[in-house]
Amino acid sequence: MGGAECGGGQAGASLAALGDVDGSGRSAFAVAAYYDSASFDYGGVVWIVRGTEAGPLANHTTLEASDDYWFLGTGIDGGQDVDADGQSDLLLGATGYDNGTGLVLLVSGAALGPSVSAAALDVARAGVVGAAPATYLGSRVVFGNDLDGDGVQEVVSSAPLSDSGDAQRAGAV
């Protein structure tokens, strides 16, 4: 990951351990290059790298943004199975989405199989969109525990330039 494949996209700017995303019994990890411009200007790219007998870099899947300036992978977390399909899911932040409003995507581990189409991100776009432009929701994303006791694991994200009352750019979680 990186070099000519990344084209100056800062591969490794965000990393996450994912656990088993494909039911193989081997762990995987995600590598983000959120400045990658291979398909879209600063759209970003995330590689899902799986463990194999031939070594981890022998088997990877690429997820790309579907428009310019998404900065896909700014925030990234994994290793939790929030949709109960038996495979670890991936949580992604795209801070530049919609003029910096930001977007948080939950990608099911089932969608991260060996051959992922661009449709995986289109399905995941049912994520959460930020409240206002230039607040950058998705700067950091994490899977939280069940914080409210309803039996469902939480997703937590930051919007560091969000306004709060009279305090401009106070940030929000």
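In what order do the four strands of the open sheet run, and is their pairing parallel or antiparallel? The order is 5-6-7-8, and the pairing is antiparallel. Keep in mind that this is a predicted model. The chain carries two helices and ten strands, and a good part of the story below sits in that open sheet, plus a pair of serines and a tyrosine patch.

**The chain as a whole**

- Reading from the N terminus, the elements go β-β-β-β-β-β-α-β-α-β-β-β.
- Of the 173 residues in the chain, 42% are buried.
- If you take contacts between residues at least 6 apart in sequence, 49% of them link residues at least 24 apart.
- About 8300 Å² of the chain is exposed, and 49% of that comes from carbon and sulfur atoms.

**The open sheet, strand by strand**

- Strand 5 (72-80) and strand 8 are the edge strands of the open sheet, each pairing on one side only.
- Strand 5 is mostly covered even so, with seven of its nine residues buried.
- Strand 5 is joined to strand 6 (residues 89-94) by five bridges, and the two run antiparallel. Within that pairing, Leu72 sits opposite Ala94 of strand 6.
- Moving along the sheet, strand 6 and strand 7 also pair antiparallel, over five bridges. Here Leu91 faces Leu106 of strand 7.
- Strand 7 (residues 103-107) then pairs with strand 8 over two bridges, again in the antiparallel sense. Val104 has Val128 of strand 8 as its opposite number.

**Leu106 in strand 7**

- Strand 7 is another mostly covered strand: four of its five residues are buried.
- Leu106 belongs to strand 7, and it counts as partly exposed because its relative accessible area is 36%.
- The C-alpha atoms of Leu106 and Leu90 are 5.9 Å apart, although 16 residues separate the two along the chain.

**Strand 1 and its two faces**

- In a regular strand, side chains alternate between the two faces of the sheet.
- Strand 1 shows that alternation: Ser14, Ala16 and Leu18 point to one face and are buried, whereas Leu15, Ala17 and Gly19 point to the other and are not.
- Strand 1 and strand 2 (residues 28-33) run antiparallel and are joined by five bridges.
- Ser14 stands across from Ala32 of strand 2 in this pairing.

**Ser14, a buried serine**

- Ser14 is in strand 1, which covers residues 14-19.
- With a relative accessible area of 8%, Ser14 falls under the 20% limit and is therefore buried.
- What does the side chain of Ser14 reach? The backbone oxygen of Gly73, at 3.0 Å.
- Setting aside residues up to four places away in sequence, Ser14 touches Ala30, Val31, Ala32, Tyr34, Gly73, Thr74 and Ile76.

**Ser139, a buried serine in a loop**

- Ser139 is found in the loop between strand 8 (128-129) and strand 9 (141-143).
- Is Ser139 buried or exposed? Its relative accessibility is 11%, so Ser139 counts as buried.
- A polar atom of the Ser139 side chain lies 2.8 Å from the backbone oxygen of Tyr136.
- Not counting neighbours within four places in sequence, Ser139 is in contact with Thr74, Gly75, Thr95, Ser158 and Pro160.
- Thr74 turns up in both contact lists, that of Ser14 and that of Ser139.

**A tyrosine patch on the surface**

- Which residues form a nonpolar patch on the surface? They are Tyr35, Tyr42 and Tyr69, and together they have about 290 Å² of accessible area.
- Tyr69 lies in the loop between strand 4 (60-64) and strand 5.
- At a relative accessible area of 41%, Tyr69 is partly exposed. That value is over the 30% a residue needs to join a patch, so Tyr69 can be part of this one.

Notes. Residues numbered from 1 in each chain as written. Predicted model: local features only at pLDDT ≥ 70, side-chain atom pairs only at ≥ 80, totals over all residues. Heavy atoms only, no water. Buried < 20%, exposed > 50% of the residue type's maximum accessible area, 1.4 Å probe, protein only. Polar contact = N/O pair within 3.5 Å; in protein donor to acceptor, adjacent residues only side chain to side chain. Contact = heavy atoms within 4.5 Å. Pairing = 2+ DSSP bridges. Patch = residues over 30% accessible without salt bridge, like charges linked within 9 Å, V, L, I, M, F, W, Y side chains within 5 Å. Areas by Shrake-Rupley, 256 points an atom, 1.4 Å probe, with all protein chains shown as cover. Salt bridge = Lys/Arg side-chain N within 4 Å of Asp/Glu carboxyl O.
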